[in-house]
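Me: I'm new to this one, so could you take a close look at a single part for me? I'd like to hear about the pockets and what lines them.

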Amino acid sequence: MDLWQFNEKTLKKATQEMPNSILKEQADLLYDKTGGTIYGRVTNIKFQPQDKGVGYNLATAFEIVAPNLDNYNYTLLDVYSRPEKDYPVAITVGSNIVDDAEVFVPKYECANKEEFVQALKEILSSEEVNKDIGILYSKSNV
């Protein structure tokens, strides 16, 4: 007797608009847009902030990887959440998980999908990120 109200197909459909799925989609798009020269990698890591009032215990790192540069990579952003919740999430840019655990100052706090997508759009379409991608692309194709 199966008492669960889901199957793999319904789970996939229900989760495609959640933060990690959106990040994975952007990682795949980076791969496609650069012909595989650069790709994004999404990795989940346990987060243990010193301030117990932070409310997040999962960090999801979004890394940019250039395989032709000896797999050079850097973390573009970190998304903080609770594993069992979709939202809220917090996003830091230009820091790292170790520093964020000591002093947690997110650049964005998103209560829902719309706010999360808007924050990602601002980050991914920024002049700085596009310049970095262009440089990595250029150096990867020498």
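Reply: Here's a walk through the two largest pockets, one after the other. Keep in mind that this is a predicted model.

Start with the largest pocket, which holds about 360 Å³ of space. It's lined by 16 residues, and the ones closest to its centre are Gln-26, Leu-29, Leu-30, Lys-33 and Leu-124. Where does the lining come from? At least two residues each are supplied by α2 (19-33), β2 (58-66), α4 (113-124) and α5 (127-140). Of these, α2 gives the largest share, with six residues. If you sort the lining by class, you get ten nonpolar residues, three polar ones and three charged ones.

Now move on to the second largest pocket, with about 180 Å³ of space. Its lining has 13 residues, and closest to the centre you'll find Val-93, Ile-123, Ser-126, Glu-128 and Val-129. Here β3 (72-81), α4 and α5 each bring at least two residues to the lining. By class, this lining splits into six nonpolar, three polar and four charged residues.

So what links the two? Look at the helices: α4 and α5 each supply at least two residues to the lining of the largest pocket, and they each do that for the second largest pocket as well. The strands to look for are β2 for the largest pocket and β3 for the second largest.

Notes:
Residues numbered from 1 in each chain as written. Predicted model: local features only at pLDDT ≥ 70, side-chain atom pairs only at ≥ 80, totals over all residues. Heavy atoms only, no water. 1 Å grid on protein atoms, 1.4 Å probe; cavity = no way out; pocket = protein on both sides within 12 Å on 5 of 7 lines; lining within 4 Å. Points joined across faces, edges and corners; volume = space filled by probe spheres on them. Helix = DSSP H or I, 4+ residues; strand = E, 2+ residues; numbered from the N terminus. Nonpolar A, V, L, I, M, F, W, Y, C, P; charged D, E, K, R; others polar.
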